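Student: I have a model open and want to go through it piece by piece. Can you take my questions as they come?
Tutor: Go ahead.

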Number of protein chains: 2
Amino acid sequence: MKKNNITIHDIARMLGISSSTVSRALSGNPRISLKTREAVANLAHEKGYHPNVMASSLRRGKTKTVGLIIPRINRHFFSNVIGGIEEVLNLSGYNLMICQSDESHEKEIENLKTLMNLRVDGIFISMATGSTNSEHLKNCLSRGVRLMMFDRVDEELPVDRIVLDDFEGAYQTVKHLVEQGYRKIAHFSGPEHINVYRNRKRGYLEALKDSGLEVTSGLILQDVLDREKGYEACLSLLAGKDVPDAIFSSSDFSALGALLAAKKKGVSTPGDLGIAGFANEPFTELFDPPITSVDQNSIEMGKTLAQLFLDKESEERVGSEPYTIVLKPRLLIRKSSLRKT
Amino acid sequence: MKKNNITIHDIARMLGISSSTVSRALSGNPRISLKTREAVANLAHEKGYHPNVMASSLRRGKTKTVGLIIPRINRHFFSNVIGGIEEVLNLSGYNLMICQSDESHEKEIENLKTLMNLRVDGIFISMATGSTNSEHLKNCLSRGVRLMMFDRVDEELPVDRIVLDDFEGAYQTVKHLVEQGYRKIAHFSGPEHINVYRNRKRGYLEALKDSGLEVTSGLILQDVLDREKGYEACLSLLAGKDVPDAIFSSSDFSALGALLAAKKKGVSTPGDLGIAGFANEPFTELFDPPITSVDQNSIEMGKTLAQLFLDKESEERVGSEPYTIVLKPRLLIRKSSLRKT
DNA sequence: TAAAAAAATACAATCGATTGCGCAAATATT
DNA sequence: AATATTTGCGCAATCGATTGTATTTTTTTA
């Protein structure tokens with residue numbers, strides 16, 4: 001960028017006043033007379049003055065920027081969270097620096113470092129699958145960074161957290177499947193070290209128990225989160241000796257894979273095999289049959305996250321107790337799990 | 001962020017040397033003895049020194065940050081472009097500041113302002129549908145901002161451009177439909193003021209002409225880009241007097257809408273109605289039938305964009321002629337447009 | 001051994017905005 | 001009219017890193 005940028009010094013010189021006056025005038029400080037303030041505002045506008053954020057940040061020790069670390073931006077859930085965060089943050093003049101970890105621990109550490117160098121005022125993070133420990137986060141905390149976690153969180157760390165009631169979402173879904181008459185319900189799960197998958201599985205188990213159904217370990221498949229894995233898993237379930245009559249998947253992608261596999265094998269959904277996913281990806285309602293899923297209240301999560309950050313930021317009392325806010329999921333019943341008419 | 005950050009001055013004091021030496025040592029300046037450089041590096045590492053990017057940017061007039069303005073991050077095309085950009089940029093230590101215009105002109109202007117305040121070293125932009133003029137971009141240029149456009153570009157502005165050969169993509173697709181025996185091919189288009197839709201339509205028209213087919217104005221529908229509009233448009237085409245036997249859509253979303261509408265009406269695809277979209281959204285290959293589409297080479301576009309930026313940035317010769325790089329599309333023929341066996 | 005050359009480091013200004021403190025002018029108070 | 005307030009503004013330091021120009025130290029050369 002060329003250096004033809006106007007500074008407050010330029011404005012000061014043109015008006016024959018000092019740069020401190022210009023600074024105060026621009027910020028609307030009442031110690032400066034209205035006449036001067038207007039003169040400054042006019043000239044600034046006329047000359048196209050843009051404050052140098054770096055200089056201001058350096059001096060004030062605040063960047064008015066928040067960093068966001070997420071596994072992937074092209075997941076419906078995360079892009080919605082981003083939307084929610086920006087909606088709230090932008091109103092207060094904050095910017096969002098988005099980083100993708102690509103589910104890799106190393107990249108997550110790299111992102112963290114980048115954001116720390118940038119001296120962002122806060123960091124929002126949803127952990128990568130690859131992050132099996134939180135040393136890097138602890139490191140951050142010990143430096144005094146304002147860290148906030150959402151969705152995929154470390155439940156031990158003393159930080160603010162916004163999470164979905166994954167247990168509840170899973171519980172309701174499985175209960176719904178049972179109501180529809182399904183009795184042998186399989187489950188596609190994710191890595192145990194990630195809270196959301198752990199909790200969804202807990203919800204699944206609890207719902208089975210409360211319904212008087214038996215838990216069959218062969219029906220619980222770990223690490224089945226993408227379409228390919230879902231496809232394979234479904235095929236092997238259908239070919240196995242414990243054939244399920246429904247699948248509750250922790251991921252819409254693997255639920256879709258299962259649907260495609262069932263279709264391939266001539267197994268009808270929802271008749272012979274009920275299917276339900278999780279996350280309410282847009283594609284779920286477009287397939288035939290549309291796939292039952294759980295909406296994660298993603299926009300709300302983003303907004304809540306940002307609002308909590310802003311609240312704490314304005315309060316100044318840094319040492320306050322960390323909050324954990326739990327949002328409610330919403331079960332979206334679609335044809336793929338509707339057997340009764 | 002708390003102020004317990006270590007600075008080069010702290011390191012200098014601890015080592016009993018000057019901060020300028022520390023600065024040079026950290027940057028590996030050979031004027032500093034190896035012994036000192038190592039001592040500095042060690043202490044910096046030990047104390048967890050993180051350079052203050054703001055201070056450095058302010059002094060050097062370079063932020064090592066590039067701004068990106070796109071309509072939406074959750075479009076497959078754009079998130080891939082982001083991936084490509086980051087892959088190249090991160091290697092050179094640059095960061096990417098992502099802004100969404102939400103297809104709104106006002107937001108685009110707002111984003112531009114934000115990025116200018118941040119003094120980013122360059123701005124990559126793909127224009128919003130709502131932006132019917134480029135005054136805001138001209139404004140930017142006159143301030144000396146290094147602006148680069150991609151995909152949805154202003155073809156008049158003196159800036160670097162990376163675009164897809166939309167004409168070619170459309171031409172090939174329509175030619176393919178003709179080869180498959182389709183004769184009355186409809187077209188879903190987008191706003192005329194956007195280059196990509198204009199060029200796709202041109203490709204469509206040219207292909208019809210070269211195939212000796214007549215252009216029927218009733219078969220060209222403007223502003224049919226999302227699923228709902230595609231659905232409606234297809235219904236009305238099927239109910240009209242000029243019923244097409246194929247649809248070439250400028251958007252995968254409206255192509256999907258058309259597919260769903262055809263299915264609803266009992267019109268078989270590809271038998272009675274061939275369908276082809278544009279953008280190679282992931283869902284296109286998952287439907288039954290999978291939808292023919294045109295891949296936009298999105299990752300490559302991002303990489304090219306970033307690489308060109310870096311090249312020009314290192315060359316220093318700011319006034320060089322703007323480039324326009326045209327990438328080739330790739331037609332992905334799938335079942336939705338395959339009538340011959 | 002003294003002078004010259006080279007190597008290693010220090011000094012101080014700078015980037016642009018902010019802000020505590022102080023000074024001067026305008027207004028109010030006695 | 002003299003003093004006390006208030007109002008409006010300028011001075012200068014500061015944030016942390018960078019860099020042109022000394023200055024000091026070490027090494028080389030005559």
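The chat below goes through the DNA contacts, a sheet, the cores and some backbone details.

Student: Before anything else, what kind of model is this?
Tutor: This is a predicted model.

Student: Start with DNA strand D. How many residues surround it, and which are the closest?
Tutor: DNA strand D is surrounded by 26 residues. The closest are A:Thr21, A:Arg24, A:Arg31, B:Arg24 and B:Arg59.

Student: What part of the strand D atoms within 4 Å of the protein belongs to sugar or phosphate?
Tutor: Sugar or phosphate makes up 53% of those atoms, and bases make up the rest.

Student: Which atoms of A:Ser33 and A:Thr36 lie by phosphate oxygens of strand D?
Tutor: For A:Ser33 a backbone N or O atom is involved, 2.8 Å from a phosphate oxygen of DNA strand D. For A:Thr36 an N or O atom of the side chain is involved, with a distance of 2.6 Å to a phosphate oxygen of that strand.

Student: And on chain B, what does B:Ser23 do there?
Tutor: B:Ser23 has a polar side-chain atom 3.0 Å from a phosphate oxygen of DNA strand D.

Student: Which elements give two or more residues to the surface near strand D?
Tutor: In chain A they are helix H2 (19–26) and helix H4 (53–60). In chain B they are helix H1 (8–15), helix H2 (19–26) and helix H4 (53–60). H4(B) provides the largest share, with four residues.

Student: Now the other strand. Which residues come nearest to DNA strand C?
Tutor: A:Ile8, A:Arg24, A:Arg59, B:Arg31 and B:Thr36, out of the 26 residues around DNA strand C. Of the strand C atoms that come within 4 Å of the protein, 54% are accounted for by sugar and phosphate.

Student: Which atoms of B:Ser20 and B:Arg59 lie by the bases of strand C?
Tutor: B:Ser20 places a polar side-chain atom 3.0 Å from a base nitrogen of DNA strand C. In B:Arg59, an N or O atom of the side chain is 2.9 Å from a base oxygen of DNA strand C. On the phosphate side, B:Ser18 has a backbone N or O atom 2.7 Å from a phosphate oxygen of that strand.

Student: Which helix gives the largest share of the surface near strand C?
Tutor: H4(A), with four residues. At least two residues each are supplied by helix H1 (8–15), H2 and H4 of chain A and by H2 and H4 of chain B.

Student: Different topic. What's the strand order in the four-stranded sheet of chain B?
Tutor: The order is S7-S6-S8-S9, in an open sheet with parallel pairing. S7 and S9 of chain B are at the edges with a single partner strand each, so each has one side without a neighbour in the sheet.

Student: How many bridges join S6 to S8 in chain B?
Tutor: Four bridges join strand S6 (residues 185–188) to strand S8 (residues 246–249) in chain B, and the two run parallel. B:Phe188 is opposite B:Ser249 in S8(B).

Student: Which helices pack on that sheet?
Tutor: Among them is helix H8 (residues 166–179) of chain B, which touches S6, S8 and S9 of chain B, with its direction at about 170° to that of S8(B). Helix H9 (residues 195–210) of chain B also packs on the sheet, touching S6, S7 and S8 of chain B, and its direction makes about 170° with that of S6(B).

Student: On to the cores. Which residues touch the most other members of the largest nonpolar core?
Tutor: A:Phe150, A:Ile185, B:Phe150 and B:Ile185, in a core of 89 residues. Another core lies apart from that one, with 46 residues including A:Val224, A:Cys234, B:Leu259 and B:Ile275.

Student: What does A:Ile185 touch?
Tutor: Leaving out residues up to four places away in sequence, the contacts of A:Ile185 include A:Val174, A:Leu177, A:Tyr204, A:Leu219 and A:Phe248.

Student: Last topic, the backbone. Where are cis peptide bonds found?
Tutor: One runs from A:Asp288 to A:Pro289, with omega near 0°. Another joins B:Thr269 and B:Pro270, with omega about 5°. Most peptide bonds are trans.

Student: Is B:Ala279, with its positive phi, buried or exposed?
Tutor: B:Ala279, with phi near 120°, is buried, at a relative accessible area of 14%. B:Asp223 also has a positive phi, near 55°, and is partly exposed at 39% relative accessibility.

Terms used:
Residues numbered from 1 in each chain as written. Chains lettered and ligands numbered in written order. Predicted model: local features only at pLDDT ≥ 70, side-chain atom pairs only at ≥ 80, totals over all residues. Heavy atoms only, no water. Buried < 20%, exposed > 50% of the residue type's maximum accessible area, 1.4 Å probe, protein only. Core = buried A, V, L, I, M, F, W, Y, C linked by side-chain atoms within 4.5 Å. Contact = heavy atoms within 4.5 Å. Pairing = 2+ DSSP bridges. Axes fitted to C-alpha atoms, helices over the stretch in contact; angles between N-to-C directions. Near = heavy atom within 4 Å. Polar contact = N/O pair within 3.5 Å; in protein donor to acceptor, adjacent residues only side chain to side chain.
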